[in-house]
Amino acid sequence: MLSVNVHRLPHRTPSSLLAHLSHVRVALFLTCVRHAPRLRSYLPRSSLFGYKCQSLIITSAIAGSAASRMEESIDVEKLRLHFLQVLRSRRSTEVPLSVELAKPVANPLYQDATPPRFSEAMECCPKADIDGFKDLLREENLYLITEAGDQGRLPVLILSMKESNPQRRPAVVFLHSTHKCKEWLRPLLEAYASRGYIAIAIDSRYHGERASSKTTYRDALISSWKKGDTMPFIFDTVWDLIKLADYLTQREDIDTARIGITGESLGGMHAWYGAVADTRYAVVAPIIGVQGFRWAIENDKWHGRVDSIKPVFEEARIDLGKNEIDKEVVEKVWDRIAPGLASHFDLDHTILAIAPRPLLIVNGAEDPRCPLPGLKIPESRACKVYEEANCLDKFKLIAQPGIGHQMTPLMVKEACDWLDRFLKQ
């Protein structure tokens, strides 16, 4: 039996504890409460937020005695709380979540040198054949206010099918890659909407409607290195995903127990860390976005990822008085713009925080940004964790042979099958 010392929890009184915690923190508190009956009376029914408790109890364990399994479980909970503390550490003033109506974006901003025009992979996504599909498609454009300041205005695009008999449906959140925007994902949104999903896409921080020029994201990364006051690489968008989950779970047309999350490249990283931070994302399928940051540094395989956002590393090299970008520069940049990315919150730790929820990782076998050997230990650890939880079928790693950093039709189809399998039960 797990014992919980109430007096070691932050904020001694239950009321102040609940006031301090976000929805995610309450969920974690409930995990402890499950093993401490005398604490249950402190929690009003309204504190449950509709969570499925069994999905919140992390049964992650690698091997060994019952004591070691319990210790691993507690570590996972502490890791999530630590991650949430880091996410809060560079927030502007928190404000109540609110919604503003928006209009469709006529000319989406792409920060690529050459704006993309077509994605074969997305166009290959399975789509239901529906007569008059465009007329039956419902489009919503809105802004969620996730915190004070310009970047706290989260643009959201939602596609679903109009229904004469409304009912709660599964939902999937899609995250775009570097320099793109939510509108780029429309082929996926339409395909999933045709198959009965509520399909959601957002602009990540400093992208799309949250960008003012083709250098907005680059400039934000450099500013984060210089000032250390924001986390534009992954973490700030993860904060938005927590707030997005708050909004989605309030909608009457979404089954709150069936919300999936997926994304490509940077969007895959957002999906991965969004699921680490918030257990309301019930099924996870990152595409070409999962890597071991520490492994890449230690094995001199960091170049592919660094080259994708090289200006910030060049700026750091100059500031550190180096002649070239090296391991020290890489490590210092990661620790500055995304604290803990290559240590506490690296893949080998955070993969445990997703278990036992269904997790599909899809990469290219030759991807220089997500080197496959760097996933070997985390994959082995994940297999043991899911096996301990008697749900080994809920974890899968696919490395497509001969493919580098590219989302392929096969990857889109595998993610589609995975989400269908666990969200349409």
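A salt bridge here is a side-chain nitrogen of Lys or Arg within 4 Å of a carboxyl oxygen of Asp or Glu. By that rule, the count comes to 35 salt bridges.

Some ground rules. This is a predicted model, where local features need pLDDT of at least 70 and side-chain atom pairs count only at pLDDT 80 or more, while totals for chains, interfaces and linings use all residues. Residues are numbered from 1 along each chain as its sequence is written, and side-chain values use heavy atoms, with hydrogens and water left out.

Two more terms. Helices (H or I, at least four residues) and strands (E, at least two) are DSSP runs, numbered from the N terminus. Buried means under 20% relative accessible area, exposed means over 50%, and partly exposed is in between (1.4 Å probe, protein chains only).

Now, individual salt bridges. Take Asp319 and Lys226: their side chains meet at 2.9 Å, N to O. Asp319 sits in helix α14 (residues 310-319) and Lys226 in helix α9 (residues 216-227), so this pair ties together parts 93 residues apart in sequence. Asp319 is partly exposed, at 39% relative accessible area. Lys226 is partly exposed too, at 41%.

Next, Asp393 and Arg421. Their closest N and O atoms are 3.2 Å apart. Asp393 is in the loop between α17 and β9, Arg421 is in helix α18 (residues 409-423), and the two are 28 residues apart. Asp393 has a relative accessible area of 43%, partly exposed. Arg421 is partly exposed at 39%.

Third pair: Lys396 with Glu414, closest N and O atoms 3.9 Å apart. Lys396 lies in strand β9 and Glu414 in helix α18, so the salt bridge ties together parts 18 residues apart in sequence. Lys396 is partly exposed at 37%, and Glu414 is partly exposed at 23%. There is also a network: salt bridges with shared partners join Arg91, Glu147, Arg205, Arg210, Asp236 and Asp240.

On to the strands. Is strand β8 buried or exposed? Six of the six residues of β8 (residues 359-364) are buried, so the strand is largely enclosed by the rest of the structure. In a regular strand the side chains alternate between the two faces of the sheet. In β8, Leu359, Ile361 and Asn363 point one way, while Leu360, Val362 and Gly364 point the other way.

What does β8 pair with? Two strands pair if DSSP finds at least two bridges between them. Strand β7 (residues 283-287) runs parallel to β8, joined by two bridges. Val284 has Leu359 of β8 as its bridge partner. Strand β9 (residues 395-400) is also parallel to β8, over six bridges. Here Asn363 partners Ala399.

Last, the nonpolar cores. A nonpolar core is a set of buried Ala, Val, Leu, Ile, Met, Phe, Trp, Tyr and Cys residues joined through side-chain atoms within 4.5 Å. The largest has 82 residues, and those with the most contacts inside it are Phe233, Phe235, Leu244, Tyr273, Phe313 and Trp334. Which helix gives this core its largest share? Helix α10 (residues 235-248), with nine residues.

Look at Phe235. Leaving out residues up to four places away in sequence, Phe235 touches Phe83, Val86, Leu87, Tyr273, Ala338, Pro339, Leu341 and Phe345; contact means heavy atoms within 4.5 Å. Apart from the largest core lies another, of 40 residues, including Cys181, Leu189, Ala199 and Ile398.
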